[in-house]
Amino acid sequence: MKKTFNVSGMKCSHCAANVENALKAVKGVVSAEAQLEDKTVTVEFDGQQTSEADLKAAVDATGRYELTD
């Protein structure tokens, strides 16, 4: 399953890397690619192992960024 989320709080390439790393740490995530220019992240994940809520929680837990639809 592939989904693109808007990311609030992402301002630089370091921010983009933090968002990607938070998502890649979630079980079932195959890939995460942040696009700084349009402030989005595209995540490919196994819907049997994780949910959109899990992805949002992982990014929210960083304390700096938030995923929205």
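## Helices across the sheet

Helix 2 lies across strand 1, strand 2, strand 3 and strand 4. Helix 2 runs at about 150 degrees to strand 4. The model is predicted. Helix 1 also lies across strand 1, strand 2, strand 3 and strand 4. Its angle to strand 2 is about 165 degrees.

## The sheet

The sheet is open and has 4 strands, in the order 2-3-1-4. The pairing is antiparallel. Strand 2 and strand 4 (66–68) are the edge strands, and each pairs on one side only. On average, neighbouring strands are turned by 30 degrees against each other, direction ignored.

Strand 1 (residues 2–8) and strand 4 run antiparallel and are joined by 3 bridges. Asn6 has Thr68 of strand 4 as its bridge partner.

## Helix against helix

Two packed helices are described by the angle and the distance between their axes. Here, helix 1 covers residues 13–24 and helix 2 covers residues 52–60. Their axes come within 9 Å and cross at roughly 135 degrees. That makes helix 1 oblique to helix 2. The crossing is right-handed.

Helix 1 makes the contact with Val19, Ala22 and Leu23. Helix 2 contributes Leu55, Ala58 and Val59. The residues of this contact divide into 6 nonpolar, no polar and no charged.

## A loop residue with positive phi

Lys39 lies in the loop between strand 2 (29–35) and strand 3 (40–45). Phi of Lys39 is near 55 degrees, a positive value in a residue other than glycine. Lys39 is partly exposed, with a relative accessible area of 36%.

Notes: Residues are numbered from 1 along each chain as its sequence is written. This is a predicted model: local features need pLDDT of at least 70, side-chain atom pairs count only at pLDDT 80 or more; totals for chains, interfaces and linings use all residues. Side-chain values use heavy atoms; hydrogens and water are left out. Axes are lines fitted to C-alpha atoms, for helices over the stretch in contact, and angles run from 0 to 180 degrees between N-to-C directions. Helices (H or I, at least four residues) and strands (E, at least two) are DSSP runs, numbered from the N terminus. Angles under 35 degrees count as roughly parallel, over 145 as roughly antiparallel, 65 to 115 as roughly perpendicular and the rest as oblique. A crossing is left-handed if the near helix is turned anticlockwise from the far one by less than a right angle, and right-handed if clockwise. Contact means heavy atoms within 4.5 Å. Ala, Val, Leu, Ile, Met, Phe, Trp, Tyr, Cys and Pro count as nonpolar, Asp, Glu, Lys and Arg as charged, and the others, Gly among them, as polar. Buried means under 20% relative accessible area, exposed over 50%, partly exposed in between (1.4 Å probe, protein chains only). Two strands pair if DSSP finds at least two bridges between them.
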